[in-house]
Amino acid sequence: MLNHTVLWQQWEGRIVPRAFSAGYVVLSYVVSYVGAWTTLELINRKTSGRGLYNWYLLVGSSVSMGGIAIWCMHFISNRAIVLGNAQFAIQIAYSLRYTVMSFFVPITVLLVAFIALEPHDRVSIIRVTIGGTLAGLAICGMHYLGQAGISNYTSVYNVGNVVGSVVIAIAASIVALSLFFVFRAAWINSWWKRALCAVILASAVFGMHWTASIGTQYRLKQGDASLPYSISRDLTVRVVIVLSITACFILLVFAILAQRRRLLSANRAQHVVLAAAVFDKYGRLLVTPEGLLPNQTVTTSYVERAFAEEFGVAHPVFQWIFRATRNWSSISSLLPGIRNHLYRTSIRREPRPALISEANLGNNDSEPTEDYSIIFRELFCIAAADLAEQLNEPLENIGILFDEIYETGRHTPSKWKAQWNSPESADNLESHGTAMLGSGQLLFLVSRASRRKAERLTASGYRFADIPNVAHIIVRNMQIKCDDFQGRLSNMCAYSSDAYILSPGVHVACFAIRATVWGSFDVIVCKDARNQLPTTKLPIDGLNNWEIAYLSRLDGSSVTACLGFLKEKSASSDITQKEQSFTTQLYDALLGLKEEINDPFFADALLIGRPISAPCYKSGRNAEPAQATLIAFRIIVPIQFRAQGLKLGFTPLNFFRTLQYVHRHSPDHTRFARKIHKEFGPILNRGRLSIKEDTKALKPPKFPRKFSKRLKRNLRGPLDGLMPAGVPKAHTMTQRLRLWNRPSGGEPRALPLTTMGSVSEVQLVEARSFGGIMVDQEVSVDIRDIKELSRGGDDAESGRTDAGGMEFMRMGTTSMAMKEVNDSETYVDILLAISIAAIR
């Protein structure tokens, strides 16, 4: 102690000579670099200025930069300063109050700086300059506040070094943040580029500190050698070590999560996956901070029974889920029962309960089960519900299914499958929509986000990015096999706006079909609007009777013949002015369609003499449905025919027909909703019955008679009661009722096996036992007619009972009720019937 006092008195009031420890100098930069890199990693995940998620990242990045990259670096650097002959008594000590203040001051300033640097897809020079200047001032402020907290020395500064240190801190901070946000906005900020930006940002802290430290001298203060309320530099080093280890742990967690996401994406590339493609009003795509699409696994694979049943847009199951995404309100009420059915199915087939997405579509011998199509559709609905929950959206707002399926995975195709991806079939939209080669399939739900929805999504941790910036990231990580995925995303953006539908008026159309080896047809459509035939519009609103009669005279004429006839008539002076005007308009429209198709086959197409009606929309924001008129030309091209040009391509005819049911305000939405409840009703109710049976097996009831009554009440429909005999013949229901089909004996009917590849969607649905009809206000149920149909059997079979002058009956499945869920006829059916009839 005496030696310490003598040493203090020797240097008291004098400048103490200094030296530097090289090891601590290097360590100071490493600490600053760890803090700077952690800061940039946190900022990189920030998606907006709103939301608790983003505020956590904002505060975390401020603490990482201010508390580790600056504060910790400062005290490690000061630990490298050796005063005198390294005697402990005269080494730097710190004031507790100033040391604590120096920790929080830079964090506060940087919090303001990072708020100014609110992430945007376009770099703002003003914001980056303000943020970089504030960051540089935070570095300088912490340094000189920390120097002021030295309790046993007075710092003597060189003005030139002070100015130089400020310039270095501000300039390097602006450069580092500018590069970082430029990389981030362009989505080229891979981890090594963020690490490079962290090198520059750490250099701002390191350069500022050591520029100032070299120009700083230390004069020992006069007073007692044992200063109260001082902390040693060794204690500060221990605090620094703890904070630096914390930053390293955060970086390690980020690396592990990134690797886990990459492995998850690679694994999902082998499965059937459902992804959300959400676009804002500027056409930007919603992605995670890593540039990936929100997605959920539907199932590990789709079980196919034959090569002709490839899961593509022509498959009845795809067409069912395609229409189901336009009727989410009908699906949402069935989700609890669907989850229960899938859970019980997985228990019956697995020794342990499996995840819903892992439910096996086959039995233990890898053979598809009888109800595998039902299970796949249920899995799709559950995946969509989980995706909606992931985005914190109701199921009704999750979007509609895009009309393509994409191949994923790195599986090498076999030779017999590789031929389907040859350039000569590149124009075939059916092959584009069919998962022929990959190990997995990727489906997209597309939607548009309003301004409020976009703000909510960005506040919850998502970003909206320009399509060209993220398309390659999505392709690489999700292993999508598509040459022009950026163009497909642009098509999805346009698809989500529901803009592709005919406008009111008269259109000239081409209906060209081609037979397939599977016994069906493909039809030529517009590639950018697959629900539309190639058409051109006439400048008239409709056709008069004389114009229809005029067209009937050309029935069966080829395009070449029609053009010659119309050209001759338009130049003739023997027709009236209105006939000449119509002839000229029709000639110009037909010639324009021929130029648009730009293929010799169209010259042989034959005119259908009578006009065909097709759905369309009137102009305006709240467009109402209407009917357009088609003047159609028909042709059946050879099976080996390939469409030329970039505008047209083939798509399966049955899928093209399905597309005509899904436009806005279509009456088929109501029919399909009833079809959903008709098909899934008995399956889900059978699950409820199975639960009661399991309960009975586990715990035998004490009162079997009461249990039997409860079971009967569970099966009883709303019309199983007393019904007056004098019911009007055509009684219109005023509310929704479910008419249950209860077989005798109280047991549910087994579902018949349906072969998926050989039936249409309607057959697929109607083959199931009838679980109930959703009867709306506009549906009339003739109870007396149903009663007459039910008298075919005995009294027990018909369920007829008399009680006190009243009469009631059970409602069963009848052909009259089945007719209620049939799809309506479309103009596609009419055109196909005319084309087929012409060749017979």
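**Exercise 1. State which residues the ring pairs link into a cluster, and classify the pair Phe20 and Trp210.**

Solution. Ring pairs join Phe20, Tyr29, Tyr33, Trp37, Phe206 and Trp210 into a cluster. The structure is a predicted model, in which local features need pLDDT of at least 70, side-chain atom pairs count only at pLDDT 80 or more, and totals for chains, interfaces and linings use all residues. Residues are numbered from 1 along each chain as its sequence is written, and side-chain values use heavy atoms, with hydrogens and water left out.

Step 1: the rule. Rings of Phe, Tyr and Trp (its six-membered ring) pair if their centres lie within 6.5 Å; planes under 30 degrees apart are stacked, over 60 edge-to-face, and the rest tilted. The count by this rule comes to 30 aromatic pairs.

Step 2: the geometry. The ring centres of Phe20 and Trp210 are 5.5 Å apart and the planes stand at 80°, so the pair is edge-to-face.

Step 3: the position. Phe20 belongs to strand S2 (residues 18-20) and Trp210 to helix H7 (residues 191-214), so that distant parts of the chain, 190 residues apart, are linked. Helices (H or I, at least four residues) and strands (E, at least two) are DSSP runs, numbered from the N terminus.

Step 4: the exposure. Buried means under 20% relative accessible area, exposed over 50%, and partly exposed in between (1.4 Å probe, protein chains only). Phe20 is partly exposed at 38%, whereas Trp210 is buried at 9%.

**Exercise 2. Determine which parts of the chain are tied together by the salt bridge of Glu679 and Arg377.**

Solution. Step 1: the contact. A salt bridge is a side-chain nitrogen of Lys or Arg within 4 Å of a carboxyl oxygen of Asp or Glu. For Glu679 and Arg377 the N to O distance is 3.0 Å.

Step 2: the position. Glu679 lies in helix H22 (residues 668-698) and Arg377 in helix H12, so the pair ties together parts that are 302 residues apart in sequence.

Step 3: the exposure. Glu679 is buried at 0% relative accessibility, and Arg377 is buried with a relative accessible area of 0%.

Step 4: a pair within one helix. Asp668 and Arg671 form a salt bridge with the closest N and O atoms 3.3 Å apart. Both residues lie in helix H22, three residues apart, about one turn of the helix. Asp668 is buried at 4%, while Arg671 is partly exposed at 24%.

**Exercise 3. Describe the largest nonpolar core and the contacts of Leu285.**

Solution. Step 1: the core. A nonpolar core is a set of buried Ala, Val, Leu, Ile, Met, Phe, Trp, Tyr and Cys residues joined through side-chain atoms within 4.5 Å. The largest has 77 residues, and those with the most contacts inside it are Leu274, Leu285, Phe318, Phe444 and Ile474. Helix H12 (residues 372-390) gives the most to this core, with 12 residues.

Step 2: the contacts. Contact means heavy atoms within 4.5 Å. Beyond its neighbours within four places in sequence, Leu285 touches residues including Val278, Phe279, Leu293, Phe464, Ile474 and Leu489.

**Exercise 4. Give the strand order of the open sheet that contains S6, and name its edges.**

Solution. Step 1: the order. Two strands pair if DSSP finds at least two bridges between them. Three strands form the open sheet in the order S1-S6-S5, with antiparallel pairing.

Step 2: the edges. Strand S1 (15-16) and strand S5 (153-157) are the edge strands, each pairing on one side only.

Step 3: the bridges. S5 pairs with strand S6 (residues 216-220) over five bridges, and Val156 has Gln217 as its bridge partner in S6.
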